[in-house]
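Please look through the structure below at your own pace, turning it so that each chain can be followed in turn. The paragraphs after it lead from the parts of one chain to the places where chains meet, and then to some local details.

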Amino acid sequence: MRSIDPSISTDVPAAHVLDDLFEGLTRLGQDGEPVPGVAARWETSADGRVWTFHLRAARWSNGAPVRAGDFVYAWRRTVDPRTASDYAEALAPVRNALAIAAGRMDVSTLGISATDERTVRVELTAPTPFLLSLLTKSYAYPQYEPVIRAHGDDWVRPEFMVSNGAFRLQEYVIGGRVTLVKNEYYWDAARVRLQRVVYLPLDRAAQTERFFAGDLDFTESFSAEQTAWLRARLGAQVVSAPYLGNFVLGINVTRPPFAGNRALRMALTLAVDRETLVRYVRQGLYQPAWTPTPPLPGYQPPVPAWAALPEAERHALARRYYAQAGYSASHPLRVELRYPTDSDNRRTYEALAAMWRTNLGVEAEPYNEEFRVQLNERHLKKLALFHYAWIGDYPDPLTFLQLFQTGFGYNDGGYSNPRYDALLAAAGSEPDSARRLGELAQAEAILNEDVACIPLYYYATRHLIRSYVHGWTSNIQDRNLSQYMYLQTPGGH
Amino acid sequence: MGAFLLRRLATAIPTLLLIATLAFMLLHLTPGGPFDSDKVLVPQIQHAIEARYHLDEPLWRQYLRYLGELAHGDFGPSFQYRNTSVNELIAQGLPVDAAIGGVAMLIAILCGGGAGLVAATRPGGWRDRLPMGMAMLGISIPVFVTAPLLILVFAMRLHWLPSGDWVAGSWRHLLLPALALALPHTAYIARIVRAAAIEALAQPYIRTAIAKGLPTHVIVLRHALRPTLVPLVSFLGPALAGVLTGSIVVEQVFGLPGIGRLFVTGALNRDYTVVTGITVLYGALIIGFNLLVDLCYAWLDPRVRARA
Amino acid sequence: MSRATRPGALIAALLLALIVAAALVVPWLSPYDYATPAWTEIFRSPTVSGGHPFGTDSLGRDLLVRVMWGCRISLLVGIAASLLSVLIGVCWGALAGYAGGRLDGVLMRTVDVLYAIPFIPFVIVLEVAFGRNFLLVFVAIGAVSWLDIARIVRGQTLAIREQEYIEAARALGVRTTTMLRRHVLPNLVGLVAAYATLAIPGVILFEALLSFLGLGVHPPLASLGSLVAEGANEMQAHPYLLVLPAGFLAAIILCLNRLGDALRESLDPRGDGDGHD
């Protein structure tokens, strides 16, 4: 966890803590769908570009009322270049957000205003069907201006922090435990049953160990390799469900050997036995992926036709493409497979290298590297193949498809196709949801046709949850607020 | 003595400077900056962040700025943990390592020293071979094997002690990590003490004492103890410095918020100031403890005093 | 005392020879290789009859073959890095001891300064900085672990220098380098061999630590350290994955320490080895 300042934090562990500490205009429901938060109700303009939110009588953890101006202040702070927020881009749908973050416009021009103490008006650049989900995220929380003014960057310390969520911060040890206690001023406090929540930063193996030792009630993850073993011992306490994330191998299409070589890209993607990978390496936890976007409500991603081929035929086809690309047993493809250091990743990449070796004769060398070093090399487009796993920001195909848009900041493969960009742009201004998703599906089909990446599987959430912990529901974003949870046996955390 | 101290201090400062320079330069040469996050930032934001941490300045100026701050005892802001200074991080981590390291060293000195003395009384007998065989094992089995095994046995199977985490003031949380850390040190100390005690017991005046019929434990405690202190102290100096700055493995396995883990995550995340800060601190501790060791020598051994 | 140590050292030497022989022969004889996964053989427990006496790992690979490869890699790193450190240490120490005077002062002061450099942090920073090159691992380890040897060699050289035959040679006008090569170095061989033997386990442990932190060899290749790290992750479900490689690691280090001790004792019967002579 690098920071628990809602304008600055970017990592998943901090997001969980912030979800408990703060509440936005909307909050995440138990099923993962946005429900009314600080805003009790809202209405939208006909073109979907102006939203008006009416706030309820909510209070900060020091008793002060939550005002519309607190949202305006927070959002401006997030996009203000002086805040040096890593996440200013996330508010991109809000009018002028990008221009302000880029320093071209003043923060006061941001598309958010307080019409009165209890009304927030949000102006968007385009209809944004996922806006309500976006509003549940940390960068859209309100912030309490007086305490930030008084203490500057130190306002996140337990002794100063003022928050408006179901819990407030009691203790924060960097690299150690974070303790939250119930916020009695929370507007919905009557329904919050936990008195105390403790977060511990532990690696995956340690989480499982500590669960067995009886120190933990809930783990963020467990090792996929232990699934069968854990299920045999813990039964229904092992919980897994589809997750809004994909495990994709990125391809740099701007440099050899993959530039202009669709046949080679085809050969590599055809030679991956996804079912084997999912069944044996991931112990059946994940779903095989043939296309980047996982299935979402209302969206069935297009699957390439070859996905249905029997294994032997698929391998034969892969070898034909491999030969067509100019490679053979005497002249094999040599490629480095870099992956971020993590034992789960290591097994997948070792399996992948072995599949390419057996099915095609490719000499692929797995090579682990620190995530940061790798990101840098990826951004500089130094890597031919790279770890491109992505956790969606909101449950919409766009969060995955944007990665292949020309000029998008995170398009590290350098893929660029005018037809693809045109479809994404059309979807961006399409007010009708069904037609919009249709356009996105067409765009995704182009990606698959061009083999812009090698999808491997879709992630699943993995938790160990004690049988006496209730109120936790699997949802695709894997975000669950502690305010919904309760223990059947009293005591503990 | 004063001149000796001055001379040692005079070499300490260039040494620390060298350490700081090496660490600073190495980290700034590495690929991957501290602010490469998941998303590519709008260039202006990237500039804003870099300006805030002076990363936009030429390297030599960053270096001088860093040395200037260092001279005032300021290790600078952490890049990784926003809103936090390296001094604060160290202040938070050091007590954890000091508690665990202190208890570990206490265990090591008591058990190791005791075993070494016992072994020295009857070289070659079972009371020598058993503890020395165990000491050999202790040296040969790495901490990253013993630490998980301790957790497996005492936390997961027997449920006697917690498997990790740090709760200030709780001896139950302290015991397993301290034990894991103490094992190799115990083994080293046992070997050192045994060797020194055997040598001491071979001296003519001890033989006289034995001939006079003094009981073994009296001889050992009265005559063999003091000579073992010289090699023991020379071992303890650097060992204490190492233990104070944290054992990376013990902290990792037990999930402790100490300095060692801070260092590794800092190095992996390009947290320049944290890594250089901890490296300099470690260097300073080594130099400081070595100085202490030399002072102890002088006190323990008049011959050294004459030479110094 | 020597009566007690000899059989122990002999057993250690035999055991080590056995491990080295197995590490060389087993991967060559076995039908399995260290890299190819066997999907239907994942996490087989060790059995005598099942074809996998050490069981299989998370990708169904034969653990016996992988542990033997781990021994090869660990020993290779240990020997190579120790040789490097001995080379640097002997040259540095012999030069300082033989030359004496100002040069000696400068060289030994450098050693003093280097002693204060935190060695594990520096190797980790080096690794992170320059990427994980297998060669770099032992160059880095070798380059920082020669300090002890340099000090010892200097002390011995000083002692040898005072001996009469060296004086005579010098009187006859034999050149410095020739003298170092012909008279000083041969006299150091035994001592250096003992310290080199004791340096190897240290290096192996250090490589294992780096591998444990994810900074060691690249998969699918494995060192004992990376196998132990993998095993520690699985120790609850599959303890053999931790116990077997950890056992070999401990056995190798134990044997080398025993041998080194015996060698040192035979040269310097007084030997506390922590000498500040």
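What distance separates the centres of domain 1 of chain A and domain 3 of chain A, taken over C-alpha atoms? In this predicted model, the two centres lie 34 Å apart when they are taken over C-alpha atoms. To place these domains along the chain, it helps to know that the domain assignment gives chain A a domain 1 of residues 24–145, a domain 2 made of 167–240 together with 462–487, and a domain 3 of 242–460. Domain 1 and domain 3 of chain A are in contact, and that contact takes nine residues from domain 1 and eight residues from domain 3. On the domain 1 side, the touching residues divide into six nonpolar, two polar and one charged.

From the contact inside chain A we can move to the contact between chain A and chain B, where 40 residues of chain A meet 38 residues of chain B. Two elements of chain A, α6 (204–212) and α12 (371–379), are the ones that give two or more residues to the side that touches chain B, and the most comes from α12(A), with six residues. By character, the residues on this side of chain A are 17 nonpolar, nine polar and 14 charged.

Chain B also touches chain C, and here the contact takes 41 residues from chain B and 32 residues from chain C. On the chain B side, the elements giving two or more residues include α1 (2–29), α5 (126–140), α7 (171–201) and α12 (272–300) of chain B. The largest share comes from α1(B), which gives seven residues. The residues of chain B that touch chain C divide into 32 nonpolar, seven polar and two charged, whereas the side of chain A that touches chain B has 14 charged residues among its number.

A next step is to look at the nonpolar residues in the interior. In soluble globular proteins, nonpolar side chains tend to be buried together. In this model the largest nonpolar core has 181 residues, and those with the most contacts inside it are Phe144(B), Ala147(B) and Val228(C). Leaving aside residues up to four places away in sequence, Ala147(B) touches Ala180(B), Val249(B), Val250(B), Val253(B) and Phe254(B). There is also a second, separate core of 72 residues, which includes Val272(A), Ala354(A), Leu403(A) and Leu447(A).

Chain C can now be followed by itself. How many helices and how many strands does chain C have? Chain C has 10 helices and zero strands, and its C-alpha trace spans about 75 × 50 × 30 Å along its principal axes. Of the 277 residues in chain C, 51% are buried. If we take the contacts in chain C with a separation of 6 or more, 67% of them are between residues 24 or more positions apart.

How confident is the prediction for this chain, and where does the confidence fall? Chain C averages a pLDDT of 80, with 91% of the residues scoring at least 70. Among the elements of chain C, helix α2 (residues 63–99) has the highest mean pLDDT, 89, and helix α4 (residues 119–130) the lowest, 71. Over residues 269–277 of chain C the pLDDT is below 50, and this stretch has 14 contacts in the model beyond near neighbours in sequence. The model taken as a whole scores ipTM 0.77 and pTM 0.82.

Some details of the backbone complete the walk. In chain A, a cis peptide bond with omega of about 0° joins Pro256(A) and Pro257(A), and Pro257(A) is found in the loop between β10 (238–251) and α8 (262–270) of chain A. Two residues that are not glycine have a positive phi: for Asn96(A) the angle is about 70°, and for His159(B) the angle is about 55°. Asn96(A) is placed in the loop between α2 (68–79) and α3 (97–101) of chain A, while His159(B) is in the loop between α6 and α7 of chain B. Are these residues buried or exposed? Asn96(A) counts as buried because 20 C-beta neighbours lie inside 10 Å, whereas His159(B) is exposed because 12 other C-beta atoms lie within 10 Å.

Key:
Residues numbered from 1 in each chain as written. Chains lettered and ligands numbered in written order. Contact = placed C-beta atoms within 7 Å. Helix = DSSP H or I, 4+ residues; strand = E, 2+ residues; numbered from the N terminus. Nonpolar A, V, L, I, M, F, W, Y, C, P; charged D, E, K, R; others polar. pLDDT = per-residue confidence, 0-100. Domains from an automatic or database assignment. Core = buried A, V, L, I, M, F, W, Y, C linked by C-beta atoms within 7 Å.
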